Amino acid sequence: MISKQRLKHHEPLRNSVSAALQEIQAQLDGKFPPNLYRLVLSEMERPLFEAVLAHTRGNQSKASEILGITRSTLKKKLDYYCIET
């Protein structure tokens, strides 16, 4: 497991998300869209699942272990995003 200290100093993803949120807000005249949480999660989850599945060569058991979620939760997410393994 990666320590909180190590994650604390890893800022590129955090910075990218912050910049994307600022861009969304600017495009919408200073407002945020409804369901912003779902929007952000979907934009992050899909590439995360794709990268981990590529790393595990499609092995969902290994992918769910890396992600720290159950295999059934992973399967539900893969179905939701129409990701095939």
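Biologist: At what angle do the axes of helix α3 and helix α5 cross, and within what distance do they come?

Modeller: This is a predicted model, and in it the axes of α3 (residues 36-55) and α5 (residues 71-80) come within 11 Å and cross at roughly 110°. The two helices are therefore roughly perpendicular to each other, since angles of 65 to 115 degrees fall in that class.

Biologist: Which residues make that contact?

Modeller: On the α3 side the contact is made by R38, E45, F49 and L53, and on the α5 side by L74, K77, L78 and Y80. Sorted by class, the contact has five nonpolar and three charged residues, with no polar ones.

Biologist: Which residues make up the largest nonpolar core?

Modeller: That core has eight residues in all, namely F49, V52, L53, A63, L74, L78, Y81 and I83. At least two of them come from each of α3 and α5, and α3 gives the most, with three residues.

Biologist: Back to F49, then: buried or exposed?

Modeller: F49 has a relative accessible area of 3%, so it is buried. Leaving aside residues up to four places away in sequence, F49 touches L67, I69, L74, K77, L78, Y81 and I83.

Biologist: How many aromatic pairs does the structure hold?

Modeller: There are two aromatic pairs. In one of them, the ring centres of F49 and Y81 are 6.2 Å apart and the planes stand at 50°, so this pair is tilted. The pair links distant parts of the chain, because F49 sits in helix α3 while Y81 belongs to the segment after α5, 32 residues apart.

Biologist: And what about the rings of Y80 and Y81?

Modeller: Their centres are 4.9 Å apart with the planes at 85°, so that pair is edge-to-face. Together, the ring pairs link F49, Y80 and Y81 into a cluster. Within this cluster, Y81 is buried at a relative accessible area of 8%, whereas Y80 counts as exposed at 52%.

Biologist: Switching to the backbone, what is phi of N35, and where is that residue found?

Modeller: Phi of N35 is near 60°, a positive value in a residue other than glycine, and N35 is found in the loop between α2 (12-27) and α3. N35 is exposed, with a relative accessible area of 63%.

Biologist: What about phi of R57?

Modeller: Phi of R57 is near 55°, which is also positive in a residue other than glycine. R57 lies in the loop between α3 and α4 (60-67), and with a relative accessible area of 81% R57 is exposed.

Conventions
Residues numbered from 1 in each chain as written. Predicted model: local features only at pLDDT ≥ 70, side-chain atom pairs only at ≥ 80, totals over all residues. Heavy atoms only, no water. Axes fitted to C-alpha atoms, helices over the stretch in contact; angles between N-to-C directions. Helix = DSSP H or I, 4+ residues; strand = E, 2+ residues; numbered from the N terminus. Parallel < 35°, antiparallel > 145°, perpendicular 65-115°, else oblique. Contact = heavy atoms within 4.5 Å. Nonpolar A, V, L, I, M, F, W, Y, C, P; charged D, E, K, R; others polar. Buried < 20%, exposed > 50% of the residue type's maximum accessible area, 1.4 Å probe, protein only. Core = buried A, V, L, I, M, F, W, Y, C linked by side-chain atoms within 4.5 Å. Phe/Tyr/Trp six-rings, centres within 6.5 Å; stacked < 30°, edge-to-face > 60°.
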